[in-house]
Amino acid sequence: MPSTLVSDAVAARLESFLIRMRADAADYGPDAALFLDAARTTLLGGKRLRARFCHGGWQAAAPAPQTDADPLWGLCAALEIFQSAALVHDDLIDNSDTRRGRPASHRELEAAHRAAGWAGDAEAFGRSSAVLLGDLLVAWSDDLLEEALQGHPHAAATRAEYARMRRDVTVGQMLDITEESAWSVSEPESLLERALRVASLKSARYSVTEPLLLGATLAGADEPLLASLRAFGHPIGMAFQLRDDMLGVFGDPRLTGKPAGDDLREGKRTALIAVARERLSTADRGALDDALGDQSLSPDDVAALQRLIDETGAVARIEEMIAGFTSDAERALAAADIEGDAAEALRALADAAIARSA
């Protein structure tokens with residue numbers, strides 16, 4: 001199924017769900033509308049990548065002719081809402097001002113506080129409200145998941161896989177913020193391994209592997225097929241995150257919707273940074289360490305750091321790693337017992353995840 005059709009099906013499910021949530025909130029009072037509108041805004045845009053991988057896993061396992069897809073769209077929509085929750089909290093943790101070219105949720109809520117002329121600290125209101133907004137989106141994700149699984153023969157297995165996804169990405173997020181501090185007392189040669197562990201938990205499993213497994217589990221996949229999808233999905237997820245690391249430093253803000261070098265200002269200790277740091281002189285390594293996490297970095301400062309990182313050969317090394325993970329995934333898919341059309345759809349998804357500029 002083309003990505004636009006997956007996106008349309010998920011958008012329709014999200015819209016019907018949001019209409020019901022808004023109707024159920026009629027007695028919350030007018031101030032709650034601000035909160036619910038912010039939740040709706042988080043669901044605008046995006047590549048729907050997790051929904052597409054979920055559909056890809058289902059397609060690989062579903063018999064022909066394909067079974068009723070209605071539970072699938074509910075599961076895909078639940079994944080997209082959970083992704084919105086993760087982004088709200090991620091932007092809050094990282095002090096990001098923008099998301100997809102718009103104000104991040106905490107900044108949007110902060111601006112709404114000011115526009116309403118309310119008393120108190122608008123910034124604190126925005127941050128506190130964003131914590132609750134992320135929690136609301138997690139709850140909505142659970143609501144949609146349970147609706148999709150009601151009476152489904154594979155509900156228990158799908159629910160267990162969804163729970164694993166939530167645990168992994170939460171631990172991965174914690175390790176990500178821990179690494180921004182723990183690097184200073186870690187063995188230098190361990191930093192790449194630590195960065196790749198974060199990439200696996202926070203992104204590879206969550207963005208690719210688990211959506212694939214969720215779709216396949218919903219369709220009743222057996223263990224050999226699930227193992228094949230794991231072998232394919234994890235290297236694609238790693239390549240996806242390494243590409244994201246590159247875009248976080250070198251991406252075009254007109255395409256990414258984030259300021260240039262945003263990961264540098266946020267102090268992200270990614271695989272790219274680990275490789276570059278290992279290759280720098282002691283003096284340059286100290287300069288990089290001092291600059292990472294400095295929110296006041298100017299465009300010129302960012303450009304200088306970009307040159308420093310590139311000159312180490314770290315960019316070329318990360319591209320080699322991306323190519324290696326891609327080859328691993330291609331071999332896994334070739335060895336899998338997945339029919340032609342479904343296999344081609346997975347190849348197209350893999351390419352969309354890795355060969356991207358935003």
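**Close-ups of a predicted model**

At 3% relative accessibility, Asp91 counts as buried. That value, like the others in these legends, comes from a predicted model.

**View 1. Asp91 and its surroundings in helix H4.** Start with Asp91, a residue of helix H4. Which residues does Asp91 touch, once neighbours within four places in sequence are set aside? They are Ser96, Thr98, Arg99, Ala104, His106 and Lys258. Ser105 sits 14 residues from Asp91 along the chain, and the C-alpha atoms of the two are separated by 7.9 Å.

**View 2. The salt bridge between Asp91 and Arg99.** Here the side chain of Asp91 meets that of Arg99, with 2.7 Å from N to O. Is each partner buried or partly exposed? Asp91 is buried, because its relative accessibility of 3% falls under the 20% limit. Arg99, on the other hand, is partly exposed, with a relative accessible area of 23%. As a bit of background, side chains of opposite charge can pair when their charged atoms come close.

**View 3. Asp94 and a network of salt bridges.** Staying with helix H4, which covers residues 70-94, we come to Asp94. Asp94 is buried too, with a relative accessible area of 6%. Which residues share a salt-bridge network with Asp94? The linked residues are Asp90, Asp94, Asp176, Glu180, Lys202 and Lys268. If we skip residues up to four places away in sequence, Asp94 touches Glu180, Glu266, Lys268 and Gln295.

**View 4. Lys258 pairs with Asp262.** Lys258 turned up earlier as a contact of Asp91. In this view Lys258 forms a salt bridge with Asp262, and the closest N and O atoms are 3.7 Å apart. Asp262 counts as buried at 10% relative accessibility. Lys258 counts as buried as well, at 16%.

**View 5. A salt bridge from Arg243 to Glu319.** The closest N and O atoms of this pair are 2.8 Å apart. Arg243 belongs to helix H9 and Glu319 to helix H15 (residues 314-335), so the salt bridge ties together parts that are 76 residues apart in sequence. Arg243 is buried, with a relative accessible area of 14%, while Glu319 is partly exposed at 31%. Stepping back to the whole model, the count comes to 32 salt bridges.

**View 6. Ile318, a buried residue of helix H15.** Now look at Ile318, found in helix H15. Ile318 is buried, and its relative accessible area is just 1%. What does Ile318 touch, leaving out residues up to four places away in sequence? Its contacts are Leu242, Met246, Ala271, Leu272 and Val275. For a sense of scale, Ile318 and Ala116 are 202 residues apart in sequence, and their C-alpha atoms are 47 Å apart in space.

**View 7. A patch of negative charge on the surface.** We finish on the outside of the model. Which residues gather in this negative patch? They are Asp222, Asp337, Glu339 and Asp341. Asp222 lies in the loop between helix H8 (191-218) and helix H9 (223-250). With a relative accessible area of 46%, Asp222 is partly exposed.

Conventions:
Residues are numbered from 1 along each chain as its sequence is written. This is a predicted model: local features need pLDDT of at least 70, side-chain atom pairs count only at pLDDT 80 or more; totals for chains, interfaces and linings use all residues. Side-chain values use heavy atoms; hydrogens and water are left out. Patches are made of residues with over 30% relative accessible area and no salt bridge: like charges are joined within 9 Å, nonpolar side chains (Val, Leu, Ile, Met, Phe, Trp, Tyr) within 5 Å. Accessible areas come from the Shrake-Rupley method with a 1.4 Å probe; for residues, only the protein chains shown count as cover. A salt bridge is a side-chain nitrogen of Lys or Arg within 4 Å of a carboxyl oxygen of Asp or Glu. Lys and Arg count as positive and Asp and Glu as negative; His and the chain ends are not counted. The place of a charge is taken as NZ of Lys, CZ of Arg, CG of Asp or CD of Glu. Helices (H or I, at least four residues) and strands (E, at least two) are DSSP runs, numbered from the N terminus. Buried means under 20% relative accessible area, exposed over 50%, partly exposed in between (1.4 Å probe, protein chains only). Contact means heavy atoms within 4.5 Å.
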